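Colleague: I would like a close look at one part of this structure, with enough of the surroundings that a first-year student could follow along. Could you take me through it step by step?

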Amino acid sequence: MSIRRHLRALPWLSMLAAIAATTALAGCAHRPAATAESLRWQQAQQLVLVTTADWDSPRGELRTYARADDGSWRAAAPPQPVTIGRAGAAWGIGLHDIPAGDTGPVKREGDGRSPAGAFAIGEAFGYAPSAATALPYAAMGASDYCIDVSGSPYYNRIVDAAAVGAEAVRGSTEPMRRDLHADGDQRYRLGFVIEHNPRGAAQAGSCIFGHLWQTPDTATAGCTAMAPATMQALLAWLDPRAQPLFVLLPAAEYRRLQTAWRLPRLP
């Protein structure tokens, strides 16, 4: 998709038909119908997995896996530290169903929590004209914003203010060129979209990315942050033909769901 000087609809918009077929999302529902046979990760060949100690931990560990010929998951690289939302994690809207009876928190706009669950991985983005990745890549400009204003028709989309008008981005706290708008901030210098809340359900959370961390001890507003070397290696490895997945779960939830979701066993 050509995205410069046009409304930038994140790649999830081109995938909604496929996602709807397996998740039956409706409105702001957090419990889409799904079965083990229909879950998208049964076709995924790459997995980016983040686990945390509990719902409230702002730190986690990132692992990558590739699907073996026998269908099992094989580790692709050593685990790496990451930071997540300052308040921890909460169930997001993605390709998963929230397990019946689960009492974990649910992601809301501005809650400082990273979405938990299983999500498609969208386009990569950054400050440079290009990046070493097979993912679709969007070079960000000074007029690019991700709209985190619930109620906006552009909620949870990256848009170009030069195309949609300055009024459309008013109130957004997510300029995509943070180096130009936030005192040289490098966190969005390289990153990728985590496709949470693809239909933009009101107040369900927006603008969820994997991006560079500010420091190894600095939590995020709801994204997953990592070292530059980790990000570079991850983007070089990811292949959209492999239908890569991003899964984030607290440890107890992971243990409970590992078999049902057919996820790899952790060391």
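Modeller: Please keep in mind throughout that this is a predicted model. Let us begin with the lysine K107, whose relative accessibility is 3%, and because a residue counts as buried when that value is under 20%, K107 is counted as buried. As for its place along the chain, K107 belongs to the loop that runs between strand β4, residues 88–91, and strand β5, residues 113–126. From that loop the side chain of K107 reaches the backbone oxygen of R113, at a distance of 2.6 Å, and residue 113 is where β5 begins.

For the wider setting, the chain has 267 residues, of which 54% count as buried, and its secondary structure consists of 5 helices and 13 strands. If we take the contacts between residues at least 6 apart in sequence, 67% of them join residues at least 24 apart. The chain exposes about 11,100 Å², and carbon and sulfur atoms supply 53% of that area.

Elsewhere in the chain there is a sheet that can be followed strand by strand: it is open, made of 3 strands in the order β8-β7-β9, and its pairing is antiparallel. Its edges are formed by β8 (158–160) and β9 (174–175), each of which pairs on one side only. Strand β7, residues 144–146, pairs with β9 over 2 bridges in the antiparallel sense, and within this pairing Y145 has P175 of β9 as its bridge partner.

Notes:
Residues numbered from 1 in each chain as written. Predicted model: local features only at pLDDT ≥ 70, side-chain atom pairs only at ≥ 80, totals over all residues. Heavy atoms only, no water. Pairing = 2+ DSSP bridges. Helix = DSSP H or I, 4+ residues; strand = E, 2+ residues; numbered from the N terminus. Buried < 20%, exposed > 50% of the residue type's maximum accessible area, 1.4 Å probe, protein only. Polar contact = N/O pair within 3.5 Å; in protein donor to acceptor, adjacent residues only side chain to side chain. Contact = heavy atoms within 4.5 Å. Areas by Shrake-Rupley, 256 points an atom, 1.4 Å probe, with all protein chains shown as cover.
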